Amino acid sequence: MKIYKLETAIWLPQPREKIFEFFSNPHNLDRITPPWLKFKVLSAASTVMRAGTLLDYRLRLRGLPIRWQSEISVWQPPLRFVDRQTKGPYSLWLHEHTFASD
């Protein structure tokens, strides 16, 4: 299995806690995902984020419907969280979010 790693960083002029709160809310993914993917969070807005939380999504890629489920495998507010695909198009998907003050 080939593994690809992509790293990126962005500086935002807000307190770390506020940035963590935005990115750890799965319903904000609708706001930051390109509209052509027709991304939709299927999990309830009342879902409590913590290690073990399962999140369900759907999207369309080149017209093909894709269902996706991820599990929050690490939850350390306001420092980091990791979501891991449990169902979806990839054989392996780990997405780590880290937040640092500058």
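Two strands pair if DSSP finds at least two bridges between them. Helices (H or I, at least four residues) and strands (E, at least two) are themselves DSSP runs, numbered from the N terminus. With that in hand, look at the hairpin that strand 4 and strand 5 form, with six residues between them. In its turn, Gly 88 has a positive phi of about 160°. The two strands, with strand 5 covering residues 94-98, pair in the antiparallel sense over five bridges. To find your way along the ladder, start from Phe 81, whose bridge partner in strand 5 is His 97.

A word on what you're looking at: this is a predicted model, where local features need pLDDT of at least 70, side-chain atom pairs count only at pLDDT 80 or more, and totals for chains, interfaces and linings use all residues. Residues are numbered from 1 along each chain as its sequence is written, and side-chain values use heavy atoms, leaving out hydrogens and water.

Now step back to the loop between strand 3 (64-76) and strand 4 (80-87), where Pro 78 sits. The peptide bond from Pro 77 to Pro 78 is cis, with omega near -5°.

Two other loops have backbone quirks of their own. Between strand 2 (54-61) and strand 3 there's Arg 62, with a positive phi of about 55° despite not being a glycine. Arg 62 is exposed, at a relative accessible area of 82%; exposed means over 50%, buried under 20% and partly exposed in between, using a 1.4 Å probe and protein chains only. Lys 38 lies in the loop between helix 2 (29-32) and strand 1 (40-41). Its phi is near 50°, again positive in a residue other than glycine, and Lys 38 counts as exposed at 56% relative accessibility.
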